[in-house]
Amino acid sequence: MKGQLFRDLVSDKDEPLSIFGTVNAYSSVLAKNNGVKSIYLSGSGVAASSFGLPDLGFTKLGDVIEDARRITSSCDLPLLVDIDTGFGSTKSIQNAIKSLEKENVAAIHIEDQVDLKRCGHRPNKKLVSIDKMKDRIKAALDARNDHSFVVMARSDALSIENEDRLIERIQSYIEIGADMIFPEAITSLGQYKKIADASSVPILANITEFGKTPLFSKMDLHKNGVSMILYPLSAFRAMSKAAEKIYKELLNAESQKNILNDMQTRDELYNHLSYYKYEKEMDNLLNNKNE
C-alpha cells in the first residue's frame, strides 16, 4: 500500500524526505522520471491550476479527488493530498478519506483553521478549538480502511496564538492519533526543534517560497528534527513564470525560432509519456486486424 511506502520513506534517518508539489498528472510523471520519491497535491494548486482561482474555498472535495485520481492513475509515487479543513462535516471528512484511499493516495493533511480558511502564510486566519480539531482527526482515522494510510494534522496556531499554544495543540492532535504533524508558517529553526522535541511523530516543514518560513537548508532542518520537507508549488511557480515569458515573447515575435531552447522538445515529451511504446502497440493491433 502507498501509505506504508510513504511511512517507510519518512522513517529514513539519514535525511528528511523531500516531497514535491505536482499540480497535475504530467507534472507527477516529470517528477518521477527525474528521481523524485514522493509527491504532493495542494489545495492551492488545485484552485490555481485547475480552476484559475485563488485558494479561498472555491474548490470542493470532488475537485480534489478528480485531480488526485488523475495523478495516481499516471504515477505510482506516494501522494500526499491537502484536504484543507475536511470540506465541512464529519461525514464530509470521512467521505474524503474513503474516496482518496480508493484512489490509491498515500496520505492526507487536515488543518485546524475554520472552514472559511485562508492561505497559511496570509493574515486574518482563525482557528477552531482543540476539541473540534480532534474531532476532525478522529473522523479521518475512523474512516480509513488501511491503517497505513497517513492522517497528518496541520496547525496554523503559531501565527494566530503563540508557540506554547502551538505545541499544546500538536500534542493534543498526536494523543488523539495523528500519524504525523505539519506546523505551518514556522519562522525559525529553533521552533522546529522545540516542536520535534515535544512530538512523538514525524514533523513536516513547509518550505514554500515567498511565505513566512525562511528557505532553510535540508541539512539545517534535519538537524532540528524535521522528517519531511515540502516544496508545494516550486515547480508550478517556475512553469507559470516560463509560460508567461513565452506568451510575451511570442506575441511580438515573427516565429518561435528564438525561443525553441526554452521549450521541451517533442521527443522529450513523448519519452516521458511512453508515446512510442503505445504507438507501437496500436500499430501491432492494427496489423493483427489486417492479417
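Tutor: A residue counts as buried under 20% relative accessible area, as exposed over 50%, and as partly exposed in between. This model is predicted, and with that cut-off Tyr276, at a relative accessible area of 37%, is partly exposed.

Student: Which class does Tyr275 fall into, and what kind of aromatic pair do Tyr275 and Tyr276 form?

Tutor: A pair of aromatic rings is described by the distance of the centres and the angle of the planes. Tyr275 is partly exposed, with 33% relative accessibility. The rings of Tyr275 and Tyr276 lie 5.9 Å apart, centre to centre, with 85° between their planes, and the pair is edge-to-face. Tyr270 joins Tyr275 and Tyr276 in one aromatic cluster.

Student: How many aromatic pairs are there, and why is the pair of Phe20 and Tyr231 described as stacked?

Tutor: The count is 5 aromatic pairs. For Phe20 and Tyr231, the ring centres are 5.3 Å apart and the planes meet at 25°, so the pair is stacked, because planes under 30 degrees apart count as stacked. Phe20 belongs to strand E1 (residues 17–21) and Tyr231 to strand E8 (residues 228–231), and the pair links distant parts of the chain, 211 residues apart. Phe20 itself is partly exposed, at a relative accessible area of 32%.

Student: Which charged side chains lie over rings?

Tutor: Arg154 is placed over the face of Phe182, 5.5 Å from the ring centre, and the charged end of Lys277 sits over the ring of Tyr278, at 4.2 Å from its centre.

Student: How should I read the sheet, and what is the order of its strands?

Tutor: Strands of a sheet pair through backbone hydrogen bonds, either parallel or antiparallel. Here the sheet is open, has 8 strands in the order E6-E5-E4-E3-E2-E1-E8-E7, and shows parallel pairing. Strand E6 (180–183) and strand E7 (204–206) are at the edges and have a single partner strand each, so one side of each lacks a neighbour in the sheet. From one strand to the next, the twist averages 25°. At the E7 edge, E7 and E8 run parallel and are joined by 3 bridges, and Ala205 stands opposite Ile229 in E8.

Student: Which helices pack on this sheet, and at what angles?

Tutor: Helix H6 lies across strand E4 (107–111) and strand E5 (150–155), and runs at about 165° to E5. Helix H8 (residues 163–176) touches E5 and E6 as it packs on the sheet, and its direction makes about 155° with that of E6.

Student: What makes up the largest nonpolar core, and which helix gives the most to it?

Tutor: The largest nonpolar core has 56 residues, and Val81, Ile108 and Ile181 have the most contacts inside it. Helix H6 (residues 130–143) gives the most to this core, namely 7 residues. Apart from this core lies another, of 15 residues, including Ala106, Val150, Met152 and Leu204. If neighbours within four places in sequence are left aside, the contacts of Ile181 include Met152, Ala153, Ile170, Tyr173, Val201 and Leu204.

Student: Which residues of helix H3 are buried, and what covers them?

Tutor: In helix H3 (residues 43–51) the buried residues include Gly43, Gly45, Val46 and Ala47, and their cover includes strand E2 (39–41), helix H4 (61–74) and strand E3 (79–82). In helix H4 itself lies Asp67, which is buried at a relative accessible area of 7%. Not counting residues up to four places away in sequence, Asp67 touches Val23, Leu41, Val46 and Ser50.

Student: Where do positive phi values occur?

Tutor: Most residues other than glycine have a negative phi. Gly52, just after H3, has a positive phi of about 65°. Asp84 is not a glycine, yet its phi is positive, near 50°; Asp84 lies in the loop between E3 and helix H5 (90–102). Ala185, also not a glycine, has a positive phi of about 60°, and is found in the loop between E6 and helix H9 (189–197).

Student: Are Asp84 and Ala185 buried or exposed?

Tutor: Asp84 has a relative accessible area of 9% and is buried, and Ala185, at 2%, is buried as well.

Terms used. Residues numbered from 1 in each chain as written. Predicted model: local features only at pLDDT ≥ 70, side-chain atom pairs only at ≥ 80, totals over all residues. Heavy atoms only, no water. Core = buried A, V, L, I, M, F, W, Y, C linked by side-chain atoms within 4.5 Å. Buried < 20%, exposed > 50% of the residue type's maximum accessible area, 1.4 Å probe, protein only. Helix = DSSP H or I, 4+ residues; strand = E, 2+ residues; numbered from the N terminus. Contact = heavy atoms within 4.5 Å. Phe/Tyr/Trp six-rings, centres within 6.5 Å; stacked < 30°, edge-to-face > 60°. Lys NZ or Arg CZ within 6 Å of the ring centre and 35° of its normal. Pairing = 2+ DSSP bridges. Axes fitted to C-alpha atoms, helices over the stretch in contact; angles between N-to-C directions.
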